[in-house]
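User: Hi! I'm new to reading protein models. Could you walk me through this one?
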Amino acid sequence: MRSLLRNGFEFLERAADTIFGPRLNPIPQLGALGFFLFWIVAVSGIYLFIFFDTGVVDAYNSIESITHRQWFAGGVLRSFHRYASDLMVVVLVVHATREFALDRYRGAYWFSWFTGVPLIWLLYASGITGYWLVWDQLAQYVAIVSSELLDWLPIFGEPIARNFLTPASLNDRFFTLLIFMHIGIPLVLLFVMWVHILRISRPNMNPPRALAVVVLISLVIVSFWKPAQSQGSADLAAIPNDVGLDWFYLPLYPLADLWSHGAVWALLGGFTLMLLAMPWLPPLRRPRPVEVNLAHCNGCGRCVEDCPHEAVRMVPRADGRPFIQQAQVNSAACVSCGICVGSCPSSTPFRRSAELETGIDLPDLPLRELRRQTEAAAAELSGPVRVLTFACAHSAAGVQQKHTVKVPCIATVPPSLIDYVVSRNLADGVVVAGCAERAGYHRLGVAWMQGRLAGERDPRLRARVQRERICSIWASRSEQSRFGAEVKRFTAALGSLGPNKGLSPRTDGGAESAAKAESLHEEVVS
Amino acid sequence: MIAQLRVAGQIAVFIAVFAGVAALSDWPSYHQIPPQSAVVKLSFTHVADRVAACRERTKEELEKLPPNMRNPLECSRRRGAVYVELDIDGRTVYRGSLQPSGLSGDGPARVYERFVVPVGAHGIAVRMRDTGRSEGFDHAKSGEVVLASNQNFVIDFRREANGFVFQ
Ligand code: HEM
Ligand code: SF4
Ligand code: SF4
């Protein structure tokens with residue numbers, strides 16, 4: 001089922017890519033859109049609150065007056081408030097489904113998933129109290145069904161539903177409580193949203209400006225086309241029949257008429273527990289987290305800079321070496337993407353030491369093994385144009401077997417390893433294959449690798465590496481044909497470039513680089 | 001050409017999403033009860049009599065108690081059940097023995113039941129006993145009511161009125 005969902009998202013995201021381009025593709029921006037929509041709802045809500053009166057009659061009348069007397073501000077903002085809230089439900093459902101589809105809910109991802117679950121309850125509680133506040137016919141329906149459901153729980157002394165029995169049983173104070181909840185719950189929501197992204201480095205909380213502007217314009221248009229309206233004043237002497245339900249927030253309310261209230265709670269409770277337990281049912285059998293090798297760590301902090309999961313931090317040096325800091329890994333948060341290995345200055349394959357070691361390394365795919373696999377794959381290359389591929393396991397090339405070195409994320413590959421292949425003439429050209437640009441599986445990997453190749457981000461691919469011999473292709477699993485076409489074009493271009501002569505290990509910068517690496521090594525060891 | 005097609009695509013996607021959201025925000029509408037019907041709600045909270053009558057403590061018993069708790073009467077806090085029956089048009093639609101709430105059974109018993117009936121005239125009769133007896137009833141009310149479409153007809157029990165109230 002998950003692979004079905006994953007393919008579904010692939011398809012949608014590719015379609016969105018052709019329409020919006022990778023940078024503005026809304027689907028990978030869902031979390032950020034969630035934050036953006038929250039701010040819209042908050043600002044429009046504050047405006048509505050200024051004019052809202054609590055009270056059995058006043059509540060309805062004040063909202064009617066906002067909607068009709070000042071339609072230009074109040075009316076439009078009321079529509080903003082409603083439709084942005086509805087969109088938040090859409091965003092939440094698609095975003096959570098996508099994280100599930102991408103298998104980003106188990107292992108070290110559990111934290112974001114687990115803290116996402118209360119967001120569902122908080123968002124719904126915010127929306128439901130909002131509809132309740134308006135005190136129109138829909139509000140009356142919401143009040144009666146919600147209170148009947150709540151009364152099923154053995155929490156409340158006096159049944160709440162009795163407040164809505166007859167016109168005489170409702171009092172103004174109830175609305176004071178409601179407005180308090182409708183402001184308090186969204187504040188808790190915001191707090192939990194913040195907790196939700198605590199373990200993510202550089203969380204994407206702001207959608208690209210163009211996307212945000214288009215969302216705002218669309219909200220304005222929809223507010224004029226279909227302004228949010230109340231549905232007639234509540235009347236407790238009558239049953240609110242024929243109410244227009246908000247199917248985003250209230251889809252389960254009709255169930256309360258069909259099922260017993262206990263069954264509705266069982267469904268909600270069961271679903272919530274299942275979501276909460278999912279990261280461990282079954283747990284991900286993931287590769288082991290990275291380990292720091294202090295003998296090769298000079299405390300530069302690049303791994304901290306590049307880790308997408310806040311899994312490395314710098315701590316005071318403890319081994320007596322003349323550095324101020326050292327890296328420390330929080331194994332529980334590490335997803336074993338290897339991005340830090342690619343960022344470490346000690347990750348240089350030019351070292352002659354048989355036991356190639358680096359500052360921070362994946363136990364299941366150490367740099368030594370990565371170099372060995374690279375050399376082995378290169379040794380199998382033949383023909384006039386030898387192309388070696390470094391492939392992220394989640395990318396188009398992840399399914400390719402021959403002449404390919406697979407890594408958990410393309411940014412696992414240190415630029416010096418690419419340098420190594422070209423200057424040692426292990427191949428005529430190197431394909432660097434990562435996830436589609438719209439959304440790297442390991443979030444920041446694609447951007448970091450692009451920066452390193454362009455020489456804009458440490459560690460940089462050295463200028464001496466002939467750029468014509470390197471081809472980066474950002475394509476997802478389902479983009480095989482584009483990937484194949486780009487490889488073909490690259491191979492042809494390499495053919496006209498002529499064979500790689502490499503740089504002779506003794507006279508060239510390879511030696512220089514190796515010497516430099518050794519001296520760094522010495523420095524670290526001494 | 002391609003650029004125009006893309007812009008058209010973007011507009012189409014946004015129209016679809018926003019029109020969909022706006023539409024589903026209050027449509028299709030929902031009918032809780034069928035047309036031409038009304039609801040009869042039986043709801044009240046009521047404290048029944050105590051299960052056992054109070055008993056006078058003996059002198060020895062009183063001496064065993066701390067001085068500030070020497071109440072000469074020992075009363076069980078536990079309340080009895082409230083037994084209710086509701087007839088609509090001569091048919092008993094509800095019959096319930098409502099247990100007291102609270103951990104020690106000293107809280108009020110509660111009932112909240114809804115019955116959907118067609119509009120028009122209905123004979124309604126409600127009976128309840130809240131004393132220890134096992135036969136007969138302590139409170140009752142009956143009457144003929146004409147219910148309008150979507151009417152919410154409530155049967156409550158009011159302590160102040162010491163009896164059932166129809167409204
Ligand atoms: C109000 C609702 C929500 C908002 C605003 C929100 C927002 C976000 C944001 C901004 C990110 C970071 C994305 C990035 O930078 O790549 C994120 C990640 C994540 N979210 Fe949510 N989220 C919400 C609800 C949920 C729910 C309900 C779930 C699942 C039950 C969920 C699961 C996740 C997971 C697993 C990640 C981690 C992705 C990673 O580590 O790469 N979220 N969310
Ligand atoms: S492998 Fe490195 S970069 Fe990736 S999560 Fe673990 S510590 Fe962070
Ligand atoms: S990148 Fe390497 S050298 Fe720099 S702090 Fe991290 S482990 Fe140490």
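Analyst: Happy to! Let's begin with a term: two strands pair if DSSP finds at least two bridges between them. Helices (H or I, at least four residues) and strands (E, at least two) are DSSP runs, numbered from the N terminus. This is a predicted model, in which local features need pLDDT of at least 70, side-chain atom pairs count only at pLDDT 80 or more, and totals for chains, interfaces and linings use all residues. Residues are numbered from 1 along each chain as its sequence is written, chains are lettered from A and ligands numbered from 1 in the order in which they are written, and side-chain values use heavy atoms, with hydrogens and water left out.

User: Okay, so which residue is the bridge partner of Val243(A)?
Analyst: The partner is Tyr30(B), in E1(B). Strand E1 of chain A (residues 243-244) is joined to E1(B) by two bridges, and these strands run antiparallel.

User: How many residues does each chain put into the contact?
Analyst: Chain A gives 46 residues and chain B gives 37. Contact here means heavy atoms within 4.5 Å.

User: And how much area do they bury?
Analyst: About 3600 Å² is buried between chain B and chain A, with 60% of it on carbon and sulfur atoms. On the chain B side, Phe18(B), Tyr30(B) and Gln32(B) lose the most area to chain A, together 21% of what that side buries. Buried area is the accessible area (1.4 Å probe) that two parts lose on being put together, summed over both.

User: How many salt bridges are there across that interface?
Analyst: Three are found between chain B and chain A. The rule asks for a side-chain nitrogen of Lys or Arg within 4 Å of a carboxyl oxygen of Asp or Glu. One of them joins Arg162(A) and Asp156(B), whose closest N and O atoms are 3.3 Å apart.

User: What about polar contacts between chain B and chain A?
Analyst: The count is 23 residue pairs, both residues being at pLDDT 80 or more. A polar contact is a pair of N or O atoms within 3.5 Å; within protein, one must be able to donate a hydrogen and the other to accept it, and residues adjacent in sequence count only if both atoms are side-chain atoms.

User: Which element supplies the largest share of the chain B side?
Analyst: H1(B) does, with 13 residues of the side that touches chain A. That side of chain B divides into 18 nonpolar, 13 polar and six charged residues. In this sorting, Ala, Val, Leu, Ile, Met, Phe, Trp, Tyr, Cys and Pro count as nonpolar, Asp, Glu, Lys and Arg as charged, and the others, Gly among them, as polar.

User: New topic: in what order do the strands of the open sheet in chain B come?
Analyst: The order is E7-E2-E10-E11, and the pairing is mixed. E7 and E11 (163-166) of chain B stand at the edges with a single partner strand each, so one side of each has no neighbour in the sheet. Neighbouring strands here are turned by 15° against each other on average, direction ignored. Ten bridges join E2(B) to E7(B), and those two run antiparallel. There, Ser43(B) stands opposite Tyr112(B) in E7(B).

User: And how is the four-strand open sheet in chain A paired?
Analyst: The pairing is parallel, in the order E7-E6-E8-E9. E8(A) (residues 429-434) and E9(A) are joined by five bridges, and Val431(A) stands opposite Cys471(A) in E9(A).

User: What lies across E6, E8 and E9 of chain A?
Analyst: That's helix H16 (residues 480-497) of chain A, running at about 170° to E9(A). Axes are lines fitted to C-alpha atoms, for helices over the stretch in contact, and angles run from 0 to 180 degrees between N-to-C directions.

User: Back to salt bridges: which residue does Arg98(A) pair with?
Analyst: Arg98(A) pairs with Glu13(A), the closest N and O atoms being 2.7 Å apart. Arg98(A) lies in helix H4 (residues 71-101) and Glu13(A) in helix H1 (residues 2-24) of chain A, so the pair ties together parts 85 residues apart in sequence.

User: Last one: where is the cis peptide bond with omega about -5°?
Analyst: It joins Trp27(B) and Pro28(B). Pro28(B) sits in the loop between H1 and E1 of chain B. In chain A, the bond from Asp458(A) to Pro459(A) is cis too, with omega near -10°.
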